[in-house]
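Hello,

Here is the structure I promised to pass on to you. Have a look at it first, and then read on for what turned up in it.

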Amino acid sequence: MGLGIKKGGVILTVTSLAGAIALPFGGMYNADKWATTGLSETLYYELRPYNIRVRTFVPEAVFTSFVKNEDANDIADNPMRTNTVKILIPDGLDKMKQIDEAVDDLYTAATDDDPDRMVYVTGQTAKEIYQKRQEMGDEAFRKYFAKLLLAE
């Protein structure tokens, strides 16, 4: 046979809803997250014969330094940015999950034995948005999402 190398394992990437849905004013961030999602899917196929599971963790909006450094005035002065925040964080910035609250969901993604599942979306709002895109398809979702973003 071989050298007795045990096949198996897990590769876990953490991305964002921005890896499935482009969010306004986040071009570089979106590009990074889409690239991470694409690389993860590539690895999902390539490593499957070796029993290596690839997981992509898509957490809901979580309070991090990235959010902390957002300028509240910039958000308030731009209706599209304001609407983006309202869509992604409907309960407001002060009610956002803390990063440590996402750890249990991350653990679930890493330890799930389902060999076919790759994407783990957490948080009610993120799940709803992600599922809506899946159900509607790309073009219909873009029209729908643009209307939400442009609503005043």
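**Helix α7 and its surroundings**

Let me start with the exposed side of α7: E139, K143, K147 and L150 are exposed there. Please keep in mind throughout that this is a predicted model.

Which residues of α7 are buried? They are F141, F145 and L149. Seen down the axis of α7, these buried residues fall within an arc of 70°, so they line one face of the helix. That fits a general point: an α-helix has 3.6 residues a turn, so residues three or four places apart point the same way. The buried residues of α7 pack against α4, which covers residues 79-88, and against α6.

The length of α7 also checks out. At 1.5 Å a residue, its 13 residues should span 18 Å, and the end C-alpha atoms are 18 Å apart, which agrees.

One more residue to find in α7 is A146. A146 counts as partly exposed because its relative accessibility is 32%, which lies between the 20% limit for buried and the 50% limit for exposed. In sequence, A146 and P24 are 122 residues apart, but from C-alpha to C-alpha the distance in space is 9.8 Å.

**The nonpolar core**

The largest nonpolar core has 14 residues, and L17, I21, I129 and F145 are those with the most contacts inside it. The elements that give two or more residues to this core are α6 and α7. F145 is thus one of the buried residues of α7 and also among those with the most contacts in the core.

If you would like a residue to click on here, try I21. Leaving out residues up to four places away in sequence, I21 touches N30, W34, I129, Y130, R133, F141 and F145. Two of these names, F141 and F145, belong to the buried residues of α7.

**R133 and the salt bridges**

R133 sits in helix α6, which covers residues 124-136. Is R133 buried or exposed? With 9% relative accessibility, R133 counts as buried. Its side chain reaches the backbone oxygen of A20 at 3.1 Å. Not counting neighbours within four places in sequence, R133 is in contact with A20, I21, W34, D138, F141 and R142.

D138 in that list is also a salt-bridge partner: the closest N and O atoms of R133 and D138 are 3.1 Å apart. D138 counts as partly exposed, at 43% relative accessibility, whereas R133 is buried. As a general rule, side chains of opposite charge can pair when their charged atoms come close.

How many salt bridges are there? The count comes to four, and here are two others besides the R133 pair:

- E139 forms a salt bridge with R142, with the closest N and O atoms 2.7 Å apart. Both residues lie in helix α7 (residues 138-150), three residues apart, which is about one turn of the helix. E139 counts as exposed at 54% relative accessibility, while R142 counts as partly exposed at 41%.
- K33 forms a salt bridge with D32, and their closest N and O atoms are 3.8 Å apart. K33 counts as buried at 12% relative accessibility, whereas D32 counts as partly exposed at 40%.

**T15 and its loop**

K33 comes up again in the contacts of T15. T15 is in the loop between β1 (9-14) and α1 (27-47). Why does T15 count as buried? Its relative accessibility is 4%, and buried means under 20%. Setting aside residues up to four places away in sequence, T15 touches K33, T36, T37, T56, F57 and P59.

**The chain as a whole**

To place all this in the wider picture, the protein chain has seven helices and five strands. From the N terminus on, the elements run β-α-β-β-α-α-α-β-α-β-α-α. Of the 152 residues in the chain, 31% are buried. Among contacts between residues at least 6 apart in sequence, 73% join residues at least 24 apart.

I hope this helps you find your way around.

Best wishes

Conventions
Residues numbered from 1 in each chain as written. Predicted model: local features only at pLDDT ≥ 70, side-chain atom pairs only at ≥ 80, totals over all residues. Heavy atoms only, no water. Helix = DSSP H or I, 4+ residues; strand = E, 2+ residues; numbered from the N terminus. Buried < 20%, exposed > 50% of the residue type's maximum accessible area, 1.4 Å probe, protein only. Polar contact = N/O pair within 3.5 Å; in protein donor to acceptor, adjacent residues only side chain to side chain. Contact = heavy atoms within 4.5 Å. Salt bridge = Lys/Arg side-chain N within 4 Å of Asp/Glu carboxyl O. Core = buried A, V, L, I, M, F, W, Y, C linked by side-chain atoms within 4.5 Å. Expected span 1.5 Å × (residues − 1). Arc of directions from axis to C-beta.
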